[in-house]
Amino acid sequence: MDYSAKLDAAIDRLHEEGRYRTFIDIERKNGQFPHAVWTRPDGSRQDITVWCGNDYLGMGQNPVVLQAMHEAIDATGAGSGGTRNISGTTVYHKRLEAELADLHRKEAALLFTSAYIANDATLSTLPKLFPGLIIYSDALNHASMIEGVRRNGGDKRVFRHNDVAHLRELLQADDPAAPKLIAFESVYSMDGDFGPIKEICDLADEFGALTYIDEVHAVGLYGPRGGGVAERDNLAHRIDIINGTLAKAYGVMGGYIAASEKMCDAIRSYAPGFIFTTSLSPAVAAGAAASVAYLKEHPELREKHQELAKALKLRLKGLGLPIIDHGSHIVPVIVGDPVHTKKLSDMLLSEFGLYVQPINFPTVPRGTERLRFTPSPVHGPSEVDHLVQAMDSLWSHCALNRAELAG
């Protein structure tokens, strides 16, 4: 076996399909985000504006968050020193879990190193707790949810995206006595559409199913205190398990679930993804707790965020660009070809100093490749004007001509 040749062939396939991922070396400027510095391949440096980050509210540079992290580092040092079970649980971890439980009005919360791990570990562990569990999963659920459902060894049903009628058909076809769980998202991050939370909760009540919602792209951004779309719609009490992240709106890192005390205790006790992983550093936990607490009291950041997203969509639509608009903060511009999408991304960066990463298969279906803009309250009018002018120039100049973009 020529292992090297096999690796070459695998990488070459991605290049041929136009979906090889290139990492952009950027250095965020504290206090100046969304501005950053890009280190070009030749070693030169260029000032850029980030338009694809998930630090939706700029909390990664909020002084309250930074102060909490500095204080924790000074008090405890860098790392946690172990897993949560072996010396890795500190007052900072417990404080963060208390903040998260309060955020969602749940009895408890359980902290993980990322929301991906939280989804994977929880969904793959649930059949151990409920033998014979059937999981009903939305077709467009995040890869972490799909992986967790796939690995759990139990039965699964995939319902068409946001199709409540299809979900009902699947529920009706199964044994009424079998334990069931419906897994879905509140905001689907690629198209920016919302899950039908109330309708799914109604079906869960009717068929005796648990509910599991991923609020990763909604926590901090929706609801009076940032509890997500379920909080905004007064439905959080009907959700059994809420998954969220600390790496997007909260500007730090980590993931979690919020649920009943018994549910969190059971996942804590049975999930390998929790038991055998070194816990987050105390500084990260302290910063995340400060961020969650801060955003509970500052709805004006959420309001400004929504206003800017609406304004950007309106202006890009005014240029005639193919925008997907479901009323959320996500701003996708469909290009429809991986090579074209990469070319547009490259030109925005090199010619205009605007960084937006191309989104290709398998993140989105083939033929729907896109640029996905994520405006934030720290993007000012001048940054918006520059982006709109750049998109107008490139879209008009190239006219998305395949030969020109691929040349």
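Here is a short tour of this structure, stop by stop, with something to select at each one.

Before you click, know that this is a predicted model, where local features need pLDDT of at least 70, side-chain atom pairs count only at pLDDT 80 or more, and totals for chains, interfaces and linings use all residues. Residues are numbered from 1 along each chain as its sequence is written, and side-chain values use heavy atoms, with hydrogens and water left out.

**Stop 1: two helices on α11**

Select helix α2 (residues 63–76) and helix α11 (residues 282–296). Helices here are DSSP runs of H or I with at least four residues, strands are runs of E with at least two, and both are numbered from the N terminus. The axes of α2 and α11 come within 8 Å and cross at roughly 150 degrees. Each axis is a line fitted to C-alpha atoms, for helices over the stretch in contact, and angles run from 0 to 180 degrees between N-to-C directions. That makes α2 roughly antiparallel to α11 (angles over 145 degrees count this way, and under 35 as roughly parallel). The crossing is right-handed, meaning the near helix is turned clockwise from the far one by less than a right angle, while anticlockwise would be left-handed.

Now colour the contact (heavy atoms within 4.5 Å). On the α2 side, look for Val-64, Ala-68 and Ile-73, among others; on α11, the residues include Val-284, Gly-287 and Tyr-294. By class, this contact has 12 nonpolar, 3 polar and no charged residues. Ala, Val, Leu, Ile, Met, Phe, Trp, Tyr, Cys and Pro count as nonpolar, Asp, Glu, Lys and Arg as charged, and the others, Gly among them, as polar.

Keep α11 and add helix α3 (residues 91–103). Their axes are 8 Å apart and the angle is about 25 degrees, so α3 and α11 are roughly parallel. This crossing is left-handed. Among the residues that meet are His-93 and Leu-96 in α3, and Ala-289 and Lys-296 in α11. The tally for α3 with α11 is 11 nonpolar, 1 polar and 3 charged residues.

**Stop 2: helix α5 and a neighbour in α4**

Go to helix α5 (residues 143–151) and pick out its buried residues: Ser-144, Met-145, Gly-148 and Val-149. Buried means under 20% relative accessible area, exposed over 50%, and partly exposed in between (1.4 Å probe, protein chains only). Look down the axis of α5: the buried residues fall within an arc of 130 degrees, so they line one face of the helix. The arc is that of the directions from the helix axis to the C-beta atoms. Covering them are elements including α4, β5 (134–138) and β6 (155–159). Just after α5, Gly-153 has a positive phi, near 80 degrees.

Next, click Asp-120 in helix α4 (residues 115–129). Is Asp-120 buried or exposed? At 11% relative accessibility, Asp-120 counts as buried. Leaving aside residues up to four places away in sequence, Asp-120 touches Ser-144, Glu-147, Gly-148 and Arg-151.

**Stop 3: two loops**

Select Leu-221, in the loop between β8 and α8 (229–232). Leu-221 is buried, with a relative accessible area of 2%. Which residue, 85 places away in sequence, has its C-alpha 8.5 Å from that of Leu-221? That is Gln-306.

Finish at Pro-176, in the loop between α6 (164–173) and β7 (180–185). Pro-176 counts as exposed, at 74% relative accessibility. Draw a line from its C-alpha to that of His-93, and the separation is 40 Å.

Conventions. Parallel < 35°, antiparallel > 145°, perpendicular 65-115°, else oblique.
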